[in-house]
Amino acid sequence: MIYCVEDEKNIRELLVYTLSGSGFEAKGLSNGKELKKALKEEIPELILLDIMLPGEDGYAVLEYLKGRPDTRDVPVIMVTAKEEEDDKVRGLEGGADDFITKPFGMMEFLARIKAVLRRSKKQEQPKEYHCRGLTVDVKSRKVWDEDRSVDLTLKEFELLRYLLENRGTVLSREKILEKIWGYEIYGETRTVDVHIRTLRQKLGKSGSLIETVRGVGYRIGEEE
Ligand code: CA
């Protein structure tokens, strides 16, 4: 699924039409508000984001996407009306993956989309993690401590996944806070400790895999 966030109806329809004609599933959305609503239904593989939008502009929407744990890794291609170097720099610094300048040819447009999708697929995280008795299925968000299924909240799951992505590495409380809670809270590192505690309890036997590194933070499993 590709979301096309563009307020100009003609362009939006053309984008969706072109993508659909090339075998992609695409949905047109006219502003940031509609995008946020759509994200509740489905997290897309890619987002095309116009800069000049009514309400929140493309940069604000980009910042929002990068601050959300479940959307921060979704590639974003910014769409800009003019060849503005400043726009490009600002967008790329904000985490955009590429830029398309209007007006653009449909062949170039499709080539850029395919290139970004290829790059993001290469970086895809493993779908399952195993660490002694612990099994985590990322896609279905299911977790097992040996054969016992464990129910985790979204934050607990993200926290566990972040530890597993960095298996064997000590992660500081600040880093965890920034990655999992993003812009929601600042400096409340105690939040991390509280979530680690409940995560350990819920994981039961596997909870002991999460190691406290005094004065620094947390780590899961030694490098094998
Ligand atoms: Ca626009």
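Here, a residue counts as buried when its relative accessible area is under 20%, and as exposed when that area is over 50%. With that in hand, welcome to this predicted model. Its parts include an open sheet of five strands with parallel pairing, a calcium ion held by donors from Asp-7, Asp-50 and Met-52, and a helix, H8, whose buried residues line one face. The points below take these in turn and then visit some antiparallel strands.

**Helix H8**

- Helix H8 covers residues 189-203, and its end C-alpha atoms are 21 Å apart. That agrees with the 21 Å that 15 residues should span at 1.5 Å a residue.
- Which residues of H8 are buried? They are Thr-191, Val-192, His-195, Ile-196, Leu-199 and Leu-203.
- Looking down the axis of H8, you will find these buried residues within an arc of 130°, so they line one face of the helix.
- Arg-190, Arg-197 and Gln-201 are on the other side of H8, where they are exposed.
- Just after H8 comes Gly-204, with a positive phi of about 60°.

**The calcium ion**

- Three protein residues supply the donors of the calcium ion: Asp-7 (OD), Asp-50 (OD) and Met-52 (O), which lie 2.1 to 2.3 Å from it.
- Along the chain, these donors are spaced as D-x42-D-x1-M.
- Distant parts of the chain are linked here, as Asp-7 and Asp-50 are 43 residues apart. Asp-7 sits in the loop between strand E1 (2-5) and helix H1 (9-21), while Asp-50 belongs to strand E3 (residues 46-50).
- Is Asp-50 buried or exposed? Asp-50 is buried, with a relative accessible area of 2%. Asp-7, in turn, is partly exposed, and its relative accessible area is 30%.

**The five-stranded parallel sheet**

- To walk across this open sheet, follow the strand order E2-E1-E3-E4-E5.
- Strand E2 (26-29) and strand E5 (98-101) are the edge strands, each pairing on one side only.
- From one strand to the next, the twist averages 20°.
- E1 and E3 run parallel and are joined by four bridges. Within this pairing, Val-5 has Leu-49 in E3 as its bridge partner.
- Helix H1 lies across E1, E2 and E3, and runs at about 175° to E2.
- Helix H3 (residues 58-67) lies across E3 and strand E4 (76-80), running at about 175° to E4.

**Strands E7, E8 and E9**

- Strands of a sheet can pair in the antiparallel sense as well as the parallel one, through backbone hydrogen bonds.
- Strand E7 (residues 134-137) and E8 run antiparallel, with four bridges joining them. One residue to look for is Asp-137, whose bridge partner in E8 is Lys-142.
- The hairpin of E7 and E8 has four residues between the strands, and Arg-141 there takes a positive phi near 60°.
- In strand E8 (residues 142-145), which side chains point to the buried face? Those of Val-143 and Asp-145 do, whereas Lys-142 and Trp-144 point to the other face and are not buried.
- E8 is also joined to strand E9 (residues 148-150) by three bridges, and these two run antiparallel. In E9, Val-150 is the residue opposite Val-143.
- Two residues separate E8 from E9 in their hairpin, and Glu-146 in the turn has a positive phi of about 55°.

**Strands E10, E11 and E12, with Glu-178**

- Strand E10 (residues 171-172) pairs with strand E12 (residues 217-220) in the antiparallel sense over two bridges. Here Leu-171 stands opposite Tyr-218 in E12.
- Strand E11 (residues 210-213) also pairs with E12 in the antiparallel sense, over four bridges. In this pairing, Glu-211 faces Arg-219 in E12.
- There are three residues between the strands in the hairpin of E11 and E12, where Gly-215 takes a positive phi near 75°.
- Glu-178 is found in helix H7 (residues 173-181). Its relative accessibility is 55%, so Glu-178 counts as exposed.
- Glu-178 and Tyr-218 are 40 residues apart in sequence, and their C-alpha atoms are 14 Å apart in space.

Notes. Residues numbered from 1 in each chain as written. Predicted model: local features only at pLDDT ≥ 70, side-chain atom pairs only at ≥ 80, totals over all residues. Heavy atoms only, no water. Expected span 1.5 Å × (residues − 1). Buried < 20%, exposed > 50% of the residue type's maximum accessible area, 1.4 Å probe, protein only. Arc of directions from axis to C-beta. Donors = N, O, S within 2.8 Å, 3.2 Å for Na, K, Ca; no water. Pairing = 2+ DSSP bridges. Axes fitted to C-alpha atoms, helices over the stretch in contact; angles between N-to-C directions. Contact = heavy atoms within 4.5 Å.
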